[in-house]
Amino acid sequence: MLTIDAMTFDSARLALAQGEAAISAGETVFDLAGVKSADSSGVALLLAWQRRALSAGHRLTFINVPDNVRKLSSLYGVDPLVAPA
């Protein structure tokens, strides 16, 4: 299971790799309840993970998305790609 505590510019590279490994292992639900800090990089991470999953023929479901990431994804118009199914 994917376990990350930050979705920020400083942690994005590591979080991206962790998410890609989880997708490669067949995970399709990412629970983000453990995320304690997030910024706009969080939106970019969700989109990158979703693209990776879609290229593998899957769609990710994100649960417990941090409020600020949810609000930013709405502002950017990409909330349908990150909203829970």
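I take a residue as buried under 20% relative accessible area, exposed over 50%, and partly exposed in between. I keep this cut-off at hand for the entries below, and I note that the model is predicted.

**Entry 1: the salt bridge**

I searched the whole structure for salt bridges and found one. Arg52 pairs with Glu20, and their closest N and O atoms lie 3.2 Å apart. I then looked up where the two partners sit. Arg52 belongs to helix H2 (residues 40-55) and Glu20 to helix H1 (residues 12-24), so that the pair links distant parts of the chain, 32 residues apart.

I next asked how open the partners are to the surface. Arg52 has a relative accessible area of 34%, so I enter Arg52 as partly exposed. Glu20 has 22%, and therefore I enter Glu20 as partly exposed too. For the background I recorded that side chains of opposite charge can pair when their charged atoms come close.

**Entry 2: Ser73**

I looked up Ser73 and placed it in helix H3 (residues 67-75). Is Ser73 buried or exposed? Its relative accessibility is 1%, and because the limit for buried is under 20%, Ser73 counts as buried. I then listed what Ser73 touches, leaving out residues up to four places away in sequence: Val43, Val78, Asp79 and Val82.

**Entry 3: the nonpolar core**

I examined the largest nonpolar core, which holds 23 residues. Which of its residues touch the most other members? I noted Ile4, Met7, Phe30, Leu32, Leu46, Trp49 and Phe62. I then checked which elements give two or more residues to this core, and found H1, H2 and H3. H2 supplies the largest share, six residues.

**Entry 4: the chain as a whole**

I counted four helices and four strands in the protein chain. Read from the N terminus, the order of elements is β-α-β-β-α-β-α-α. The radius of gyration is 11 Å, close to the 12 Å that the globule rule gives for 85 residues, so I record the chain as being as compact as a globular protein of that length. Along the principal axes, the C-alpha atoms fill a box of roughly 30 × 25 × 20 Å.

I also looked up burial and surface. Of the 85 residues in the protein chain, 40% are buried. The accessible surface comes to about 4800 Å², and carbon and sulfur atoms account for 56% of that area. Finally, I took the contacts between residues at least 6 apart in sequence, and among these 72% join residues at least 24 apart.

Key
Residues are numbered from 1 along each chain as its sequence is written. This is a predicted model: local features need pLDDT of at least 70, side-chain atom pairs count only at pLDDT 80 or more; totals for chains, interfaces and linings use all residues. Side-chain values use heavy atoms; hydrogens and water are left out. A salt bridge is a side-chain nitrogen of Lys or Arg within 4 Å of a carboxyl oxygen of Asp or Glu. Buried means under 20% relative accessible area, exposed over 50%, partly exposed in between (1.4 Å probe, protein chains only). Contact means heavy atoms within 4.5 Å. A nonpolar core is a set of buried Ala, Val, Leu, Ile, Met, Phe, Trp, Tyr and Cys residues joined through side-chain atoms within 4.5 Å. The radius of gyration is taken over C-alpha atoms; the globule rule is 2.2 Å times the number of residues to the power 0.38. Accessible areas come from the Shrake-Rupley method with a 1.4 Å probe; for residues, only the protein chains shown count as cover.
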